[in-house]
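The exercises that follow ask you to read a protein model step by step, keeping the structure in view while you work. Try each task before you turn to its solution.

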Amino acid sequence: ETEEHAQQAVQWLDELHLLDDAEVAAQIVRSGAAKGYGAARIRQMLYEKKIPRELWDEALAELPEQDDAIDAFLQKRFRGRQPDRTEIRRAADALLRRGHAWGDIRRALERYDPDFPEE
């Protein structure tokens with residue numbers, strides 16, 4: 001390619017905000033949140049995309065509270081029935097793999113079942 005074509009390509013990519021790491025980081029956070037991922041999983045996504053770490057905190061500040069995502073996951077998983085201990089453990093494990101914090105998961109399980117056992 002010629003120098004002129006290369007400059008045009010860079011300008012075009014810049015106009016589309018494809019060279020803006022901060023915007024890409026924000027897009028990754030929005031995408032991860034829409035998929036129901038927690039902060040830890042979204043951090044992993046930012047790492048995989050080689051987004052500079054100094055941009056992570058600002059992008060993650062836009063992450064909405066995860067209570068609704070966790071509650072929706074549990075309702076879909078349990079389908080309105082009372083789960084046994086094994087199902088609860090499996091659901092909690094799945095939420096941990098999705099990047100949610102144990103404290104958030106525990107609070108959601110207590111909202112789902114007020115008699116959730118202390119462990």
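A residue is called buried when its relative accessible area is under 20%, exposed when that area is over 50%, and partly exposed in between. The model you are looking at is a predicted one, and the exercises apply these words to it.

**Exercise 1. The two sides of helix 5**

Task: Find out which residues of helix 5 are buried, and which exposed residues lie on the face turned away from the buried side.

Solution. Begin with the helix itself, which runs over residues 67-78 and so has twelve residues, by the numbering of helices from the N terminus. From its first C-alpha to its last, helix 5 reaches 16 Å, close to the 16 Å expected at 1.5 Å a residue.

Next, pick out the buried residues of helix 5, which are Ile70, Phe73, Leu74 and Phe78. They cover an arc of only 110° around the axis, which puts them on the same side of helix 5.

Then turn to the face of helix 5 that points away from this buried side, where the exposed residues Asp68, Gln75 and Lys76 are carried. Finally, look for what covers the buried residues: the cover includes helix 6 (85-97) and helix 7 (102-112).

**Exercise 2. The surroundings of phenylalanine 78**

Task: Decide whether phenylalanine 78 is buried or exposed, and list which residues it touches when those up to four places away in sequence are not counted.

Solution. Phenylalanine 78 is found in helix 5. Its relative accessibility is 1%, and because buried means under 20%, phenylalanine 78 counts as buried.

With residues up to four places away in sequence left out, phenylalanine 78 touches Pro83, Glu87, Ile88, Ala91, Leu109 and Tyr112. One of these contacts can be followed further: phenylalanine 78 and alanine 91 are 13 residues apart in sequence, while their C-alpha atoms are 8.7 Å apart in space.

**Exercise 3. Positive phi values**

Task: Establish where arginine 79 lies and where lysine 50 lies, and what phi value belongs to arginine 79 and to lysine 50.

Solution. Start with arginine 79, which comes just after helix 5 and has its place in the loop between helix 5 and helix 6. Phi of arginine 79 is near 50°, a positive value in a residue other than glycine. With a relative accessible area of 66%, arginine 79 is exposed.

Now do the same for lysine 50, which is placed in the loop between helix 3 (39-48) and helix 4 (56-60). Phi of lysine 50 is near 60°, and this too is a positive value in a residue other than glycine. Lysine 50 counts as exposed, at 71% relative accessibility.

**Exercise 4. Salt bridges**

Task: State how many salt bridges there are, and then describe the pairs formed by arginine 107, glutamate 110 and glutamate 87.

Solution. A salt bridge needs a side-chain nitrogen of Lys or Arg within 4 Å of a carboxyl oxygen of Asp or Glu, and by this rule the count comes to seven.

Take arginine 107 first, whose side chain meets that of aspartate 104 in a salt bridge with an N to O distance of 2.2 Å. Both residues lie in helix 7, three residues apart, which is about one turn of the helix. Arginine 107 is partly exposed, with a relative accessible area of 42%, and aspartate 104 is partly exposed as well, with 21%.

For glutamate 87, the partner is arginine 81, and the N to O distance is 2.7 Å. Glutamate 87 is partly exposed at 25% relative accessible area, and arginine 81 is partly exposed at 35%.

Glutamate 110 forms a salt bridge with arginine 106, and the closest N and O atoms of this pair are 3.6 Å apart. Because they are four residues apart in helix 7, glutamate 110 and arginine 106 are separated by about one helical turn. Glutamate 110 counts as partly exposed at 30% relative accessibility, whereas arginine 106, with a relative accessible area of 11%, is buried. Elsewhere, salt bridges that share partners join Asp67, Asp71 and Arg111 into one network.

**Exercise 5. A nonpolar patch**

Task: Name which residues make the nonpolar surface patch of about 340 Å².

Solution. The patch is made by Trp12, Leu16 and Leu18. Among them, leucine 16 lies in the loop between helix 1 (3-15) and helix 2 (21-34), and its relative accessible area of 44% makes leucine 16 partly exposed.

Notes
Residues are numbered from 1 along each chain as its sequence is written. This is a predicted model: local features need pLDDT of at least 70, side-chain atom pairs count only at pLDDT 80 or more; totals for chains, interfaces and linings use all residues. Side-chain values use heavy atoms; hydrogens and water are left out. Helices (H or I, at least four residues) and strands (E, at least two) are DSSP runs, numbered from the N terminus. The expected span of a helix is 1.5 Å times one less than its number of residues. Buried means under 20% relative accessible area, exposed over 50%, partly exposed in between (1.4 Å probe, protein chains only). The arc is that of the directions from the helix axis to the C-beta atoms. Contact means heavy atoms within 4.5 Å. Patches are made of residues with over 30% relative accessible area and no salt bridge: like charges are joined within 9 Å, nonpolar side chains (Val, Leu, Ile, Met, Phe, Trp, Tyr) within 5 Å. Accessible areas come from the Shrake-Rupley method with a 1.4 Å probe; for residues, only the protein chains shown count as cover.
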